Amino acid sequence: MARKTGSAYCGRYVKQTISVLTCCGLPFAASAFQLKLEDPDWTARWDNTLRYNVGVRAQKQDQGLLNNARYDDSDSKFDRGDVVTNRIDVMSEFDFKYKKRYGGRVSAAGWYDDAYRDTDVKSNPAFGNTSTAYPGARYSSYTERWNRGPSGELLDAFVFGRFDVGSVPVDGRLGRHNLYWGESIFSFVHGVSYSQGPVDLRKLGSTPGAEAKELYLPQNQISGEAQLADNFSVGAQYFFEWDPSRLPDGGTYLGAVDFSSLGGNTYVVNPAAAAAIASGAGLPPGSIGPVPFLGVQDRPKNSGDWGVKATWRPEVLDGALGFYYREFTDRFPQYVLGGFQESGLPTDLRLSYLRKTKLAGISLSKEVGGLSVGAEMVYRMDTGLLNGDATLVGDEPRGDTFHALVNVLGLMPGNAVFDSASYVAELTYSRLQKVTSHAENFSGVGYGGCPTNDKWDGCATRDAWGVALAFTPVWYQVFPGIDLKAPLFLQTGLKGNSPVPFGGNQGAGSYSIGLTADVRSKYNVSLQYNGYLLKTKEGVVNGLPAVSSVNGVGNTFDDRGWVSLTLKTTF
Amino acid sequence: MKKLILPFAWLLIASAGVAQAAVPADEAKQLGSALTPWGAEAAGNKDGSIPPYTGGLQKSPAEFKEGSGIYPDPYKDDKPLFSITSKNMAQYADKLTEGQKALLTRYPDYKMDVYPTRRSVAMPQAVLDASVKNATRTQTTGNGVGITGAEGGTPFPIPKTGHEVMWNHLLAYGGDVAEFTSSNFYVDQSGRKTSTGNSQMRYEYPYYQPENPERNTYYLKQNTSAMEPAALAGQQFVILDPLDFTTGDRRAWQYVPGQRRVKVAPELAYDTPFQAGAGMVTLDDVGVFSGRMDRYDFKLIGKKEVYIPYNLYKLYGALQSNGFEKGMEAVGSPKFVNPDYMRWELHRVWVVEATLLPGKRHLYSKRVFYWDEDNAGAGMSDQYDNAGKLLRVNMTMSIQLYDKVIPYAIPWLVYDLSNNVYVMCGMPSNGPIKAGLKGPMAADTWSKGDWSPDAIAARGVR
């Protein structure tokens, strides 16, 4: 069954953080729309970012993946040399302020990817029509909308204001917005910000140059922060909306397991395959039903999630301590079964998002030796654990887990090789404290959900380490008006597999090597190689030599290396 | 009894090794007579090319609109006395900085129009009074890296060391607050102009706010809210600089849009590239010099008469009144700033030579500073790379805010000689300079809590 590990996708965001933090020439534009208003109390601005990406597959298809009916759709769509993305993105943002205290913001994104002009789902012909996950071998309308378009979505839509409650200034926001607490830079799983909002991993992985503003998706909520003292503030949020984090869809280039799509409407076992199984077993036709994948089912209710935090900056510490408590519905899924047919096959497979996970955390932010250091420790109670293949809905394993991370941001001075360079490193750790329910379904080494007891089959270990590194040298004015950067990025599971879904697997990750030109602070051109790391086992599946086991299924397979060219401007 | 006192006295002497003594009261008596209260020579020079100080410019020209925050040129009828070019530079060599000589030599069409010297600087009485008192009470700490004892005026009106002159620069009076829309642009070697950003700037000087409880803690608080380029709009920086760098370092934070949170940003110091500087400006080039002085030995060379940019009302007018785009078009000539918008005057400057300390690292191995005797906030510098070659030539662009009795020297200009690029930074544009907390066109009041990183995050829109 599909175990998903999303941490492989965070590379793109990181590069933005770096360039932002070192403040050396992000893609910018000279002529944003500063709206001129008659009344000086009002200010407004409207900005648009236009981005074009073209990507070409650089690696050849892995026959072992094509030979596994579970993975062949995603791998078959494009072969080496094919254009895997040919996409235009636009992001529009409008802000207004009144007397610098009140205001609002609306933003929206739109896209079209011509590489998916053809919505046919490809499969390994050896499987005939038994392998295609999508009915009629065509993308579902969901997959089509989010991968091809043309389509769009509303992002931010909120009002804000600053009020004095007595002598305490309180800043409040109401509407669709995103908050991201804590200090984590790369990891969206191990920090206090886990599931604080949906993260668009689909866009992050497939659209180089995407803005953090597009990736950390907003939700309807009310939030506020009160400055109780000069060095002490408290904040809170209450949600009126719940959306899941977005994952790549099966059958698309970066999809892994063919049926996995938040939109469902796919098959784990399609009708042709079900008929073939029946006839192979000598059973009458129709005695075995197909196994549909339903995607998000029993959608959690929109309201009810909340969180509080306090930030204290004691003078002796010369840094900030954050304290957090949240109760929330998970935004990352477990893959569970709806029930069983008489034949023993499942009735369906679906995504389950657990309610009422509790999280307590502390964070530290401090300068140490000229470096910006951030750290977090998080304790999650009744959080969803990595589940075994036979988990029925309602029987998801839950438990308490401990997470920690530390990160460092720094800048290297110029030398003979480059003019300056920025770097970011983040180390993450997660550990299972105890299983609180359905231990039999926990897919951990030594538990029922892991029949092989082998971590290389994707089973969780007691604890796990992960790392992410980014290094970006910069050269200024290489040509008149042009700065060059060479962003390098690597993210991987170091040791062990995390007990929580998407927490990272040993040897699974991604990397990229790029060259970026900032042209007159207005246009940004990036050429980049995007590669993936994933440990797999070879075996015989349905009589064919194939990839039989994966440590971190849902990560992009390591045959999907591609080259991307990104053009971007904001105006 | 004596036995008890002696060791105690010895301790005092030991600690004085760290804290440098102020000038004797006798010497301080010159302030207000031969010297102005802040220590400039009140008299003119021998040939009269520098006039005596007569109270500065406190009268607004007729064209000035009260409360407009835009400053018409009170000296618009002045004619250049002469022009210095590569052809006649030898004649003026003793009054030119190495940087100016290099620019004159490099560009045959570069010229410096020299105008009559106008000692326009004026400061409020309270600042003058505090300056006189500071002469006998301010001390440096940590070999000049910090100071104690100073209040609300020039800290060292009679400076004896390079560090003391540099502190006069860092603490130069520029009002208690200044707010403006800052523009930055550069002109590359092909002559093309590129805007590198507009920001809403707030400079706050707690040191000059007698009622601020932090007046003895921080001398400067800066808030930058990026507006342009659009891709950076919403980004914010907060930088706090302490008076005593021996007990506390610069504090810096950055607000990251998209996540709406604030990160510690200690890298915003020393030779980290300045955001809007096209890679040609370091963070400590801001205002020609800013930040902690622990990487150099600052040696006081003495005083000298030098041509420096002064009373640049025409330049301000081009960018403030006509809008940034038009202004940039007018002043941003290829290779160097359109000489018609530059005004050079002869002034006495304090010369300080900074040499990189052994074991310390910086893009610049040597820097020579020239600070105006009337406004230590204004001046020039020559910056040498690690091969000892002149790399960059920096200068402030100053005016006197005549309606507010505030010398204003925030913007600066950097010529990079290795890339043939120049960068204009921190120039007020598209609107008024709001200076001071009182009076017309006053800046907003911020509480201490408003400067907290959490407050910055809470205010973030993007």
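How many of the 8 residues of helix α7 of chain B are buried? The close-ups below, all taken from a predicted model, begin with that helix.

**View 1. Helix α7 of chain B is mostly covered.** The helix spans residues 313–320, and 6 of its 8 residues are buried. These are Tyr313(B), Leu315(B), Tyr316(B), Ala318(B), Leu319(B) and Gln320(B). The buried residues of α7(B) pack against four elements of chain B: helix α8 (324–331) and strands β16 (399–401), β17 (406–408) and β19 (421–428). Cys425(B) has a relative accessible area of 0% and is therefore buried.

**View 2. Chain A meets chain B.** The contact draws 64 residues from chain A and 57 residues from chain B. About 5200 Å² is buried between the two chains. Carbon and sulfur atoms give 50% of that area. Between chain A and chain B, 13 salt bridges are counted. On the side of chain A that touches chain B, 24 residues are nonpolar, 19 polar and 21 charged. Polar contacts join 24 residue pairs across the interface, counting pairs with both residues at pLDDT 80 or more.

**View 3. A salt bridge joins Arg162(A) to Asp450(B).** The two side chains meet with N and O 2.9 Å apart. Arg162 belongs to chain A and Asp450 to chain B.

**View 4. A network of salt bridges includes residues of chain A and chain B.** From chain A come Arg45(A), Asp47(A), Glu93(A), Asp95(A), Arg105(A), Asp156(A) and Lys213(A). From chain B come Glu228(B), Arg260(B) and Arg462(B). Over all chains, the whole structure holds 75 salt bridges.

**View 5. Asp89(A) and Arg51(A) form a salt bridge.** Their side chains meet at 3.5 Å, N to O. Asp89(A) sits in strand β3 (residues 83–98) and Arg51(A) in strand β2 (residues 42–57), so the pair ties together parts of chain A that are 38 residues apart in sequence. Both Asp89(A) and Arg51(A) are buried.

**View 6. Arg105(A) pairs with Asp95(A).** The closest N and O atoms of this salt bridge are 2.9 Å apart. Arg105(A) lies in strand β4 (residues 102–113) of chain A, and Asp95(A) in strand β3 of chain A. The two are 10 residues apart, and the pair links distant parts of the chain. Arg105(A) and Asp95(A) are both buried. Both also belong to the network of View 4.

**View 7. Lys434(A) and Asp400(A) form a salt bridge.** The N to O distance is 3.7 Å. Lys434(A) is in strand β18 (residues 420–437) and Asp400(A) in strand β17 (residues 398–412), so the pair ties together parts of chain A that are 34 residues apart in sequence. Is each partner buried or partly exposed? Lys434(A) has 46% relative accessibility, so this residue counts as partly exposed. Asp400(A) has 7%, so this residue counts as buried.

**View 8. A disulfide links Cys450(A) and Cys459(A).** The structure holds 1 disulfide over all chains. The sulfur atoms of Cys450(A) and Cys459(A) are 2.1 Å apart. The torsion about their S-S bond is about 90°, so the disulfide is right-handed. Both Cys450(A) and Cys459(A) are buried.

Definitions and conventions
Residues numbered from 1 in each chain as written. Chains lettered and ligands numbered in written order. Predicted model: local features only at pLDDT ≥ 70, side-chain atom pairs only at ≥ 80, totals over all residues. Heavy atoms only, no water. Contact = heavy atoms within 4.5 Å. Buried area = accessible area lost by both parts, 1.4 Å probe. Polar contact = N/O pair within 3.5 Å; in protein donor to acceptor, adjacent residues only side chain to side chain. Nonpolar A, V, L, I, M, F, W, Y, C, P; charged D, E, K, R; others polar. Disulfide = S-S within 2.5 Å. Buried < 20%, exposed > 50% of the residue type's maximum accessible area, 1.4 Å probe, protein only.
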